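Visitor: I am still learning to read protein structures, and I would like a close look at a single part. Please start with one helix, go on to what can be compared with it, and explain each term as you use it.

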Amino acid sequence: MTPTLWGRIQTRIFLIGVVGSIWTLIITPVVPLSAPLSTKYQGTFSVLGVVLVVGLVWELVWHFFQQFRWEKDWPALFALAQGVPEGIAAWLIVRSGVVPGKPQVTLMAFLVSFVTVWLVTWIFVTGPIRVAFPRWRFFGGRFF
Amino acid sequence: MNNLEPRMVNETIITPGMEPPVEPEQPTGAAGDLTDELLHADFWSDDLVARAGIPVVDVPLVSVGGGMGSFVLCDWLRIAGVPTSEIKVLSATETPWETYQYLASSSQVPEHERLRSDSVSCPDNIWGYPSYAFREAFGERSLSKIIAPLWNVFTEPIFTDYFTPRSGQVFKGVRREADRIGWWSMVEHGQVRMVRKRDRGGYFTILTPPSGTTPTKRVAYRSNWVQIAVGYPGLRYLPDLQEYRQRHRDYAHVVNAYEPHTHIYEELLLRPGTVVVRGSGIVASRILQRLIDDRDHHGAQTTINHLFRHYIREPHGPNIWMRRPGGNGWAYQGFNWPKGSWGGQLKFRLERSEGEDRKHLLEIMGGTTTPKRKLWRHQLARGKREGWYREYIGEVTSVEPGPHDTVVTKINTSGGVLELPASFIIDATGLEADIKQHRVLADLLEHSGAGRNPLGKLDVERNFEIRGARSGTSKMYAVGSSTLGGYYAVVDSFLGLSYSGLQIADDLANQGFCKRIGSWSSVRNWWLWSFHRELPGRR
């Protein structure tokens, strides 16, 4: 991938907001959480919201690191591995109680939700996204 | 030994389908040939062409070249719904990959060897998905061979070298896609002589079909749009090697890596010899690998003297944000341009630059580079240790015949003048000829208002329209290496051809020639591609 900063932001919003949401709609019923379905959805979508909003800040960090690369690219492995610090940060934020609605999410529920969303969006961005958006790769990950 | 003389005319290496640069033809006076009036007029009227007796074929779009550049644009346009009857590809080659295959094969990349091209740069698939790595994996039967390419693209370039496709895989894919889109029915064979503006808008493209295949010597194609995709305007020899070849009429001991030169490898298998390799780019790497593979696997006793003009000792660049890896003489880069210039931040930066700024940026990003492949680094390190690979740094002052069938290269080094006798010299510098060496491009510069960009090549807009060549509302586009120096760096690559094809297809859509490929159409067409469904609109 060869993202620009604006492309990173647009791609993040699309991946988490659209692909992540669809996946979360599907996966939530099987997320290991002893709670009514509505509570489970509140929890998983809160996690998704955190990944999206905090992710916009993360993109600034990743883009800064990208500047040290001669190729000005972002290898697929980096895109996958950035999930580790992002996941830890998201869990700490969810746990801290600052998320509106104070969602009830166990560590296991968080892991299932976050890890699968991360994997699905990563797989999508490494290939299938180009099928739906053939110009995306030539414009730094921008849709507009 | 092979006599390679016929393949070299003046300073240019002749590739398949390329006409040698020749003096302007004189009109024969026969019906159906060019007349003095036509040759000298910048604008042609229908009447002028009719008076010359040249038959006219009307078609909306003409693509001149018939190689990969033509193919990729046609792929985009066919997917955008253009029927084959609306496109004519004027080509001197039999297949779109013929010239590419010739150059790759000469420079020691046969079909089973890997190109220097990214996994997602697919001329046979506008989406780059599934990538070549995926397709290679799915074509294998053993688990380790299935996993290897996938693991490669997953970990590249951090833990593994970049995955690159085998050249044979690329050609096979293009043939398959050519069949699917109805490519063969769009092609007309022959040599394109010129493209001239029509006085009432549009263009005339003059084709000289193979002798005896048409009633007249020339056929004119009258079109609204023209794409110029003629590939390299020509490949040149280093001036000192050119001078040696011409003075001593020795075309066997001093060769260019882009011309067939297997006689050298065959000779070196028969008896020990010394080879001087000049150049420090991808082609030099490939030549070195071939020479060393022959040592390792076929018992050759070759000594290699590698001559560097500029020796790169360390990472280099203007500042910490623009520092290219380098060492052991080489500037290291995965592909011919940094990936960020394909579609990332370097691409946008170049698009915003003009004149000298653009030239400067291109100089920083471009230049002679080679991928940092483990195999090559290990081979050269071993050669240095064992004494059969030696590096020399300096400027060549002369190349002269030496005793015992050798050629002596004299170089100025920091330690004085050095003489390097060798059995053979291989020029792997890949010098490109001026665009005027190509007859069609020369004619465009002279008669159609086309100009040169800061690197002296054909000046094109961001959407690859040739500046100054508009005719009424009709447009002429150009793609490929002859446009290097414009707003897009990566013109001489599969990915660059995909990008230029997209830009032209979108511009044509804006002019009403085809539909703009939106998401729905893209997904639907990808589905058709996946099942190898022939596209509609074929004759």
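Guide: What follows starts from one helix of chain B and then turns to other contacts, to the backbone and to the surface.

This is a predicted model, in which local features need pLDDT of at least 70 and side-chain atom pairs count only at pLDDT 80 or more, while totals for chains, interfaces and linings use all residues. Residues are numbered from 1 along each chain as its sequence is written, chains are lettered from A and ligands numbered from 1 in the order in which they are written, and side-chain values use heavy atoms, with hydrogens and water left out.

The helix is α8 of chain B, which spans residues 239–248 and holds B:D240; helices (H or I, at least four residues) and strands (E, at least two) are DSSP runs, numbered from the N terminus. B:L241 also belongs to helix α8 of chain B, and B:L241 is buried, with a relative accessible area of 0%. Here buried means under 20% relative accessible area, exposed means over 50%, and partly exposed lies in between, for a 1.4 Å probe and protein chains only. To give a sense of scale, B:L241 and B:S471 lie 43 Å apart in space, C-alpha to C-alpha, and 230 residues apart in sequence.

Side chains of opposite charge can pair when their charged atoms come close. The name salt bridge is used when a side-chain nitrogen of Lys or Arg is within 4 Å of a carboxyl oxygen of Asp or Glu, and the structure holds 42 of them over all chains. In one of these, B:D240 meets B:R278, with the closest N and O atoms 2.6 Å apart. This pair links distant parts of the chain, since B:R278 lies in strand β14 (residues 274–278) of chain B, 38 residues from B:D240. Both B:D240 and B:R278 are buried.

The helix also has a salt bridge of its own, between B:R247 and B:E243, at 2.8 Å from N to O. These two residues both lie in helix α8 of chain B and are four residues apart, about one turn of the helix. B:R247 is partly exposed at a relative accessible area of 46%, and B:E243 is also partly exposed, at 44%.

Elsewhere in chain B, B:D459 forms a salt bridge with B:R467, and there the closest N and O atoms are 3.3 Å apart. B:D459 is buried at 12% relative accessibility, whereas B:R467 is partly exposed at 25%. In chain A, salt bridges that share partners join A:R8, A:R12, A:E59 and A:E86 into one network.

Aromatic rings give another kind of contact, and 36 aromatic pairs are found over all chains. Rings of Phe, Tyr and Trp (its six-membered ring) pair if their centres lie within 6.5 Å, and planes under 30 degrees apart count as stacked, over 60 as edge-to-face and the rest as tilted. The rings of B:F308 and B:W330 have centres 5.9 Å apart and planes at 85°, so they make an edge-to-face pair. Because B:F308 lies in strand β15 (residues 303–308) of chain B and B:W330 in strand β19 (residues 330–331) of chain B, the pair ties together parts that are 22 residues apart in sequence. B:F308 is buried at 0% relative accessible area, and B:W330 is buried at 3%.

The backbone has details of its own. The peptide bond from B:Y129 to B:P130 is cis, with omega near 0°, and B:P130 lies in the loop between α4 (98–106) and α5 (132–138) of chain B. Another cis peptide bond joins B:E156 and B:P157, with omega about -15°. B:F464 has a positive phi of about 75° although it is not a glycine, and B:F464 is buried at 2% relative accessibility.

Finally, A:V61, A:F64, A:F65, A:F68, B:I320 and B:W321 form a nonpolar patch on the surface. Patches are made of residues with over 30% relative accessible area and no salt bridge, with like charges joined within 9 Å and nonpolar side chains (Val, Leu, Ile, Met, Phe, Trp, Tyr) within 5 Å. Together these residues have about 550 Å² of accessible area, a kind of value that comes from the Shrake-Rupley method with a 1.4 Å probe, where for residues only the protein chains shown count as cover. A:F64 lies in helix α2 (residues 37–66) of chain A and is partly exposed, with a relative accessible area of 44%.
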